[in-house]
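Morning, everyone. I have one chain to walk you through today. Have the viewer open and follow along.

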Amino acid sequence: MILRGVISSHYSLLLLLIGFLVVSSSITRVLSWGVIHVKYKFAGSQRSIVDLKVHDSVRQVRILAGVDLPLGGSGRPDGLGLYYARIGIGTPSKDYYVQVDTGSDIMWVNCIQCKECPRRSSLGIDLTLYNIEDSATGKLVSCDQDFCYAINGGPLAGCTANMSCPYLEIYGDGSSTAGYFVNDIVLYDRVSGDLKTSSANGSVIFGCGATQSGNLGSSNEESLDGILGFGKANSSMISQLASSGKVKNMFAHCLDGVNGGGIFAIGHVVRPKVNMTPLVPNQPHYNVNMTAVQVGHDFLSFTPDIFDSGDRQGVIIDSGTTLAYLPEMVYEPLVSKILSRQPDLKLQTIHDEYTCFQYSKSLDEAFPNVTFHFENSVTLKVYPHEYLFPYNGLWCIGWQNSGMQSRDRKNMTLLGDLVLSNKLVLYDLENQTIGWTEYNCSSSIQVLDERTGTVHLVGSQNISSACHLNAWSITVLILLATLLHFLGC
């Protein structure tokens, strides 16, 4: 878990760690529509069951712990995200590889002062430590700036105008990250028309990691430079851009788990049409109210409050989680009804928790669809070929019993990549709704340019990288539907 309120008691230590400077910053209004290149983490080989579960277990520690005081969210680049992006930061620009994560709220990268930060990665990428001295546009964020006040819920004791605004996160496993906020240019490709791009950049406040410990340190083999958070908090990149009037506070992703293509668009998606369900208020993540679970033509019997546990309400939608986790009272009848369609199966238990079996015929003809129902008559259908995955000649059930996890996770319901892949998922933070529709994620979508009223085509491509990553290439097209009227853009 993340320890709340630690920023005040450890603030003097942070000041010694990160130093302090007088800061003045101005937001350079140069953002427009853009493209980010994203890679799939588990590409190049069949994902093992152990890898998937370890990935989700570490991630759930962060999700269930909530958010800490200074950040309003958290980002752990050690095996938490399924997809990572290459972005440029600074002037001149340098490449950084960051997780793309809807479950985290800020963008942060490791910095030059960090002695414990990883220098190498088994993902086949070159890691880079950010150095503000190497960037002509980099500026420190001071304690008296509005961003620092907002992210800390007011002024920090002992943090004065000539000091840098710090952040600190401490995790239940003993890992920690600490540093300070900076403001610099983020570089990406601009969408200049239907399926056309050109260079663009914009100013973003992000965290600069000065010290790491535990799983965030150099011992982690699958390390990245940091994280690009698309969470709900005001500190996220999309919230910063929206508050400056540059973008609509809405985005969509469509991740193709088969071909490796994908779309990530910021702005108003006008086609395809997406039915929306309200987000549960006062929740740190993208939570929704599930009303029913259907297996084939049969509905499971339960009360909706089964998805609530303490302050945590509803079902978490999280593209960074691999599988799908259900309360025991939902999981057991769901799996029972699925397996009842083929009573002659010889079941095997793998790693003491995965139910697997041999089957050589069509999965979609032999097993039932699973349909989740939400408010506003929104449904999410999951097909057998999506919730069953291959392992050593067997088919294994991707549904997981959250009651088999630790006591804190007993009633957790979390829908991850298992159910979200091959669907366009739309997050409308302006109206606090979320929705999805089945879609070919290797095709294209249409997004509205709010400034001109023009609708542009945003498509998915596979773009190669200079570092020859052993990964599926995903072109994440971030179309920033702007209200710009500056610089003649």
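One term before we start. When I quote an angle, axes are lines fitted to C-alpha atoms, for helices over the stretch in contact, and angles run from 0 to 180 degrees between N-to-C directions. Contact means heavy atoms within 4.5 Å. With that in hand, look at helix H6, residues 328–340. Helix H6 lies across S18 and S25, and runs at about 135 degrees to S25.

Keep in mind that this is a predicted model.

Now the sheet under discussion. Five strands form an open sheet, and the order is S14-S17-S26-S18-S25. The pairing in this sheet is mixed. Which strands sit at the edges? They are S14, at 287–288, and S25, at 399–401, and each of these pairs on one side only. Go inward to S18 and strand S26, residues 414–415. S18 and S26 run antiparallel and are joined by 2 bridges. In register, Tyr325 is opposite Leu414 of S26. As a reminder, strands of a sheet pair through backbone hydrogen bonds, either parallel or antiparallel.

Next, the annotated positions. The UniProt record, an unreviewed entry, puts the feature "active site" at Asp101 and Asp318. These two span 218 residues in sequence, yet no two of their C-alpha atoms are more than 8.3 Å apart, so they gather at one spot.

Take them one at a time. Asp101 belongs to strand S3, residues 94–101. Is Asp101 buried or exposed? It is buried, because its relative accessibility is 2% and the cut-off for buried is under 20%. Asp318 sits in a loop instead, between strand S17 (315–317) and strand S18 (324–326). S17 and S18 are both members of the sheet we just went through. Asp318 is buried as well, with a relative accessible area of 1%.

Over to strand S20, residues 354–357. What covers it? Look at both faces of S20: they are covered. Tyr354 and Cys356 are on one side, Thr355 and Phe357 on the other, and all are buried.

S20 has partners. Strand S19, residues 348–350, pairs with S20 in the antiparallel sense over 3 bridges. Ile350 stands opposite Tyr354 there. S19 and S20 make a hairpin, with 3 residues between them. In the turn, check His351: its phi is positive, about 55 degrees. S20 also runs antiparallel to strand S24, residues 394–397, with 2 bridges joining them. In that pair, Cys356 faces Cys396 of S24.

One more stop: Leu168, in strand S6, residues 166–170. Leu168 counts as buried, at 8% relative accessibility. Leu168 and Gly209 are 41 residues apart in sequence, and their C-alpha atoms are 9.3 Å apart in space.

Last, the whole chain. How many helices and strands does the chain have? The chain has 9 helices and 31 strands. It counts 489 residues, and buried residues make up 60% of them. For contacts between residues at least 6 apart in sequence, 73% join residues at least 24 apart. The accessible surface comes to about 19300 Å², and carbon and sulfur atoms account for 49% of that.

To leave you with one picture: go back to Asp101 and Asp318. The record marks both as "active site", and their C-alpha atoms are no more than 8.3 Å apart. Asp101 is in strand S3, and Asp318 is in the loop between S17 and S18.

Notes. Residues are numbered from 1 along each chain as its sequence is written. This is a predicted model: local features need pLDDT of at least 70, side-chain atom pairs count only at pLDDT 80 or more; totals for chains, interfaces and linings use all residues. Side-chain values use heavy atoms; hydrogens and water are left out. UniProt positions are given in the numbering used here, feature names are shortened, and annotations may be inferred rather than shown by experiment. Helices (H or I, at least four residues) and strands (E, at least two) are DSSP runs, numbered from the N terminus. Buried means under 20% relative accessible area, exposed over 50%, partly exposed in between (1.4 Å probe, protein chains only). Two strands pair if DSSP finds at least two bridges between them. Accessible areas come from the Shrake-Rupley method with a 1.4 Å probe; for residues, only the protein chains shown count as cover.
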